[in-house]
Each structure stands twice: as C-alpha cells, then as structure tokens.
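Visitor: Hi, can you walk me through this one? I'm new to reading structures.
Guide: Happy to. Let's put it on the screen.

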Amino acid sequence: MTTLIKIKRSSIKRNPHAFSTETPISLRPEYTFKYEGYNPPKWIYSKDVSIDSHELIGLIEWKLDVITGRIFDRELFERLYKIEIQNREKGKYSGLNLTYTQNSRIFHHMPEPEYLYEYKNTKIKCSECHSLVRVNKIQSDEIDDNLVDVCPICGGINTFDFKYEKISDAIKN
Ligand SMILES: [Zn+2]
C-alpha cells in the first residue's frame, strides 16, 4: 500500500515571492579613485586604501604620479567625495577622480513556488526488512544515473512505497 506523505497544514504559507524569477542581490559597493598630479595626498597610503597601479609619467624633473586604487572605508570615500565636489564648484582641480559602483545584480532562477510548506516526517515500512523508517532517514543513491531510495536498516533498494501529497490537493481541504 502506498503511503501518502502529507503536507503539514500549519506549515503552508503563501510565498511572498510567488512566481518570481528574479532576485536582486546587492553586493558591496566598490569605491575607486584615480589620481593624477605631482603631489599625491597622504590618504592614498593609508591602510584603508589599496593601490592598484602607480606610474610616473613625464620628464626627469617633473614626474606626474598616476595612481589608481580602491578605497575600503566608505566614510573616507564620502569625505573625499564631498571635498572634491566643493573643489570643483570653486573651479579647483586636484587631479583626483572618484568613482563608485553600486554592485547589485539580478539573479535569475526558475519561478518561485506559490506556496511554501513542509511535509510530515512520516514513518514508512520497508518491504524488505519490515522496519518502520521515517521519510527523512531514507537514504538516496545514484545507480546508472537513476536516483534510488536506500533503506538505512537493510540497504534494500527502492523498498519503500510512498508518494508526496501535492500542494494543489493540500490547499483544497
Ligand atoms: Zn529495509
């Protein structure tokens, strides 16, 4: 006789993201800078900054520092950004260019189910050794690309006869 693994009625919830195929993931923003000038500011050498490239361009006496890198401290970045904006409004050019990327990505996936639910951890009888085994204790294995159930007591293959209740049936009654 086929055992029906029933859905716990109290566990049924409507999925707030039902049918959605997209989930936005926000990654940490990335703060970068490029400095071009003859007098690199001190903060470039602080522990919250990593230098990705540093080139010296020009003649022997007048070497232009071209430095690119990343800033890991958001507050430092915001402070610099504010100063830079003010500088530009005054027509001052410091040689600093600040950029930031708000890294958010859309993760595409199969449509989300309409309901979220759990199954009752029902006991099922093994046809081989007649043990009663809870459904979550049944092991699975792959044999010739087929997934099979394995009895944890006797090692019997596909010795359990059960099926899962469908959510469409569970919400009807
Ligand atoms: Zn068994």
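Guide: One term before we start. A residue counts as exposed if 12 or fewer other C-beta atoms lie within 10 Å of its own, and as buried if there are 20 or more. Also, this is a predicted model.

Visitor: OK, try it out. Is Asp144 buried or exposed?
Guide: Asp144 is exposed, because 5 other C-beta atoms lie within 10 Å.

Visitor: Where is Asp144 found?
Guide: In the loop between strand 12 (139-143) and strand 13 (146-150). Those two strands form a hairpin with 2 residues between them.

Visitor: How do strand 12 and strand 13 pair?
Guide: In the antiparallel sense, over 5 bridges. Asp141, for instance, stands opposite Val148 in strand 13.

Visitor: And what is the phi of Asp144?
Guide: Near 45°. That is a positive value in a residue other than glycine.

Visitor: What about the phi of Phe19?
Guide: Phe19 is not a glycine, yet its phi is positive, about 70°. Phe19 sits in the loop between strand 2 (13-14) and strand 3 (22-26).

Visitor: Does Phe19 count as buried or exposed?
Guide: Exposed, because Phe19 has 9 C-beta neighbours inside 10 Å.

Visitor: Let's zoom out. Which domains is the protein divided into?
Guide: Domain 1 covers 3-12 + 118-170, and domain 2 covers 28-102.

Visitor: What distance separates their centres?
Guide: The centres of domain 1 and domain 2 are 61 Å apart, taken over C-alpha atoms.

Visitor: Now the sheets. What's the order of strands in the open one?
Guide: The open sheet has 4 strands in the order 5-6-4-7, with antiparallel pairing. Strand 5 (49-58) and strand 7 stand at the edges. Each has a single partner strand, so one side of each is left without a neighbour in the sheet.

Visitor: By how much are neighbouring strands turned against each other?
Guide: By 15° on average, ignoring direction.

Visitor: What packs on the sheet?
Guide: Helix 1 (residues 74-89) does. Helix 1 touches strand 4, strand 6 (63-71) and strand 7, and its direction makes about 130° with that of strand 7.

Visitor: How far does helix 1 reach?
Guide: Helix 1 has 16 residues and reaches 23 Å from its first C-alpha to its last. That is close to the 22 Å expected at 1.5 Å a residue.

Visitor: And what follows helix 1?
Guide: Gly91, with a positive phi near 80°.

Visitor: Back to the edges. How many residues of strand 5 are buried?
Guide: The number is 0 of 10, so strand 5 lies largely in the open. Strand 7 (residues 96-101) is hardly covered either: its count of buried residues is 0 among 6.

Visitor: What does strand 5 pair with?
Guide: Strand 5 pairs with strand 6 in the antiparallel sense, over 9 bridges. The two form a hairpin with 4 residues between them. Take Leu56: its bridge partner in strand 6 is Asp65.

Visitor: And which strand pairs with strand 7?
Guide: Strand 4 (residues 30-37), again in the antiparallel sense, over 6 bridges. Lys34 has Asn97 as its bridge partner in strand 7. Tyr35 stands opposite Leu96 in strand 7.

Visitor: Which residues make up the largest nonpolar core?
Guide: Tyr31, Phe33, Tyr35, Ile67, Ile71 and Phe77, 6 residues in all. Strand 4 and strand 6 are the elements that give two or more residues to this core. Strand 4 gives the largest share, 3 residues.

Visitor: What does Tyr31 touch?
Guide: Leaving out residues up to four places away in sequence, Tyr31 touches Arg70, Ile71, Arg74, Phe77 and Tyr100.

Visitor: New topic: where is Glu118 found?
Guide: In the loop between strand 9 (115-116) and strand 10 (123-125). Glu118 counts as exposed because it has 11 C-beta neighbours inside 10 Å.

Visitor: Which residues is Glu118 in contact with?
Guide: Lys8 and Ser11, leaving aside neighbours within four places in sequence.

Visitor: And what separation is there between Glu118 and Gly91?
Guide: They are 27 residues apart along the chain, and their C-alpha atoms are separated by 64 Å.

Note on methods. Residues numbered from 1 in each chain as written. Predicted model: local features only at pLDDT ≥ 70, side-chain atom pairs only at ≥ 80, totals over all residues. Domains from an automatic or database assignment. Pairing = 2+ DSSP bridges. Axes fitted to C-alpha atoms, helices over the stretch in contact; angles between N-to-C directions. Contact = placed C-beta atoms within 7 Å. Core = buried A, V, L, I, M, F, W, Y, C linked by C-beta atoms within 7 Å. Expected span 1.5 Å × (residues − 1).
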